[in-house]
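Let's work through some exercises together, one step at a time. Have a look at the sequence and the structure first, then try each task before you read its solution.

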Amino acid sequence: MKLATLKSGGRDGTLVVVNRELSRCQMVPAIARTLQAALDDWPHCQPQLAEVYTALNNGAARHALPFNEEQCHSPLPRAYQWADGSAYINHVELVRKARGAELPASFWSDPLIYQGGSDSFVGPRDPIYALSEDGGIDLEAEIAVITGDLPMGASALQCAGAIRLLMLVNDVSLRHLIPGELAKGFGFFQSKPASAFSPLAVTPDELGDAWRDCKLHLPLQVQLNRSLFGRPNAGIDMTFDFSRLLAHAARSRELEAGSIIGSGTVSNKQGSLHGSSIAHGGVGYCCLAELRMYETIDSGAPRTGFLKFGDSVRIEMLDADGHSIFGAIEQTVTPYPTSPA
């Protein structure tokens, strides 16, 4: 089943069910007006939403409308919880190696996770706004899950059963602000502006064999200024699967329905700088920082800059037949509009 949120209908948008081809959709106010409302009553709403999905795919929906990704907000325009992990230790290892630091052994057994801002996500076609380019603007292409209710201390098995939906994420980072914030010992805040999620959130069963062991085994495609920048497989080199990330998040708190947990930057272990890029047969990267890490390791300093105003980013995942699963996140870096003094 595929669900989306249109920007009409107030701050939390309007829930629609979307057909598999991403061409038709149907509003479902009699079932749930918003995605959060559906998640709050999932056992009751899910079967009804599934019936609408079947009708849309069979061409039998009576109130179907054309579906346009441009009209979508993130599936949850705001959420009660957004926490992002770092499940791909290769990414963390590269960061530390670039600055000559060893990776602590505990990183292989204890997930990293931070709590992000969830009060104001942006739509998948909205700009990446920034006040200036000086912050070191970077994309981070990731996978995320939306959960049902989970008790404190939930087991990995319980967590696996509570995964309701999956999405793609662009978790934008301001790289030049990160070192100073981390040095304070309190974590990210200003260095993590609003994230954007894919137009569609999909149920795990929609992914077929690609969803197994609580990992999504498909390449995540990233384009930078319309050129392929990365296509690492999200199921490879994922040290902590989503059930482990959720169990870690729930260790000392309950997770409420509608909580979003991210995977962190998708990253596959590769060879040298020469062999890691798309141009040289590698799988490329899901963030600019990773390319800069390879450059630093290879030559002592990064050569690639961060995003500039006017740069465009596209993040998408295709199924085995080449069809878009989640729709595309497509954003342009844009100066934030400020009111005249």
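**Exercise 1.** Find the partner with which Arg 20 forms a salt bridge, and work out which parts of the chain the pair ties together.

*Solution.*
Step 1: Arg 20 forms a salt bridge with Glu 206, and their closest N and O atoms are 2.8 Å apart. The term stands for a side-chain nitrogen of Lys or Arg within 4 Å of a carboxyl oxygen of Asp or Glu.
Step 2: Arg 20 lies in the loop between S2 and strand S3 (24-27), while Glu 206 lies in the loop between strand S14 (201-202) and S15, so the pair ties together parts 186 residues apart in sequence. Strands (E, at least two residues) and helices (H or I, at least four) are DSSP runs, numbered from the N terminus.
Step 3: Arg 20 is partly exposed, with a relative accessible area of 40%, whereas Glu 206 counts as buried at 17%. Here buried means under 20% relative accessible area, exposed over 50%, and partly exposed in between (1.4 Å probe, protein chains only).

A word on the source: this is a predicted model, in which local features need pLDDT of at least 70 and side-chain atom pairs count only at pLDDT 80 or more, while totals for chains, interfaces and linings use all residues. Residues are numbered from 1 along each chain as its sequence is written, and side-chain values use heavy atoms, with hydrogens and water left out.

**Exercise 2.** Compare the settings of two further salt bridges, Asp 12 with Arg 78 and Glu 93 with Lys 269.

*Solution.*
Step 1: Recall that side chains of opposite charge can pair when their charged atoms come close.
Step 2: Between Asp 12 and Arg 78 the N to O distance is 2.7 Å. Asp 12 is in the loop between strand S1 (2-6) and strand S2 (14-18), and Arg 78 is in the loop between strand S5 (72-73) and strand S6 (82-85), so parts 66 residues apart in sequence are tied together. Asp 12 is partly exposed at 27%, and Arg 78 is partly exposed at 36%.
Step 3: Between Glu 93 and Lys 269 the N to O distance is 3.6 Å. Glu 93 belongs to helix H3 (residues 89-98) and Lys 269 to the loop between strand S19 (260-262) and helix H7 (273-276), so this pair ties together parts 176 residues apart in sequence. Glu 93 is partly exposed at 29%, but Lys 269 is exposed at 55%.
Step 4: The structure holds 13 salt bridges.

**Exercise 3.** How is the aromatic pair of Phe 121 and Phe 197 arranged?

*Solution.*
Step 1: Rings of Phe, Tyr and Trp (its six-membered ring) pair if their centres lie within 6.5 Å; planes under 30 degrees apart count as stacked, over 60 as edge-to-face and the rest as tilted. The structure holds eight such pairs.
Step 2: The rings of Phe 121 and Phe 197 are 4.8 Å apart, centre to centre, with 70 degrees between the planes, which makes the pair edge-to-face.
Step 3: Phe 121 lies in the loop between strand S7 (113-115) and strand S8 (128-130) and Phe 197 in strand S13 (residues 196-197), so the pair links parts 76 residues apart in sequence. Both Phe 121 and Phe 197 are buried.
Step 4: Ring pairs join Trp 82, Phe 121 and Phe 197 into a cluster.
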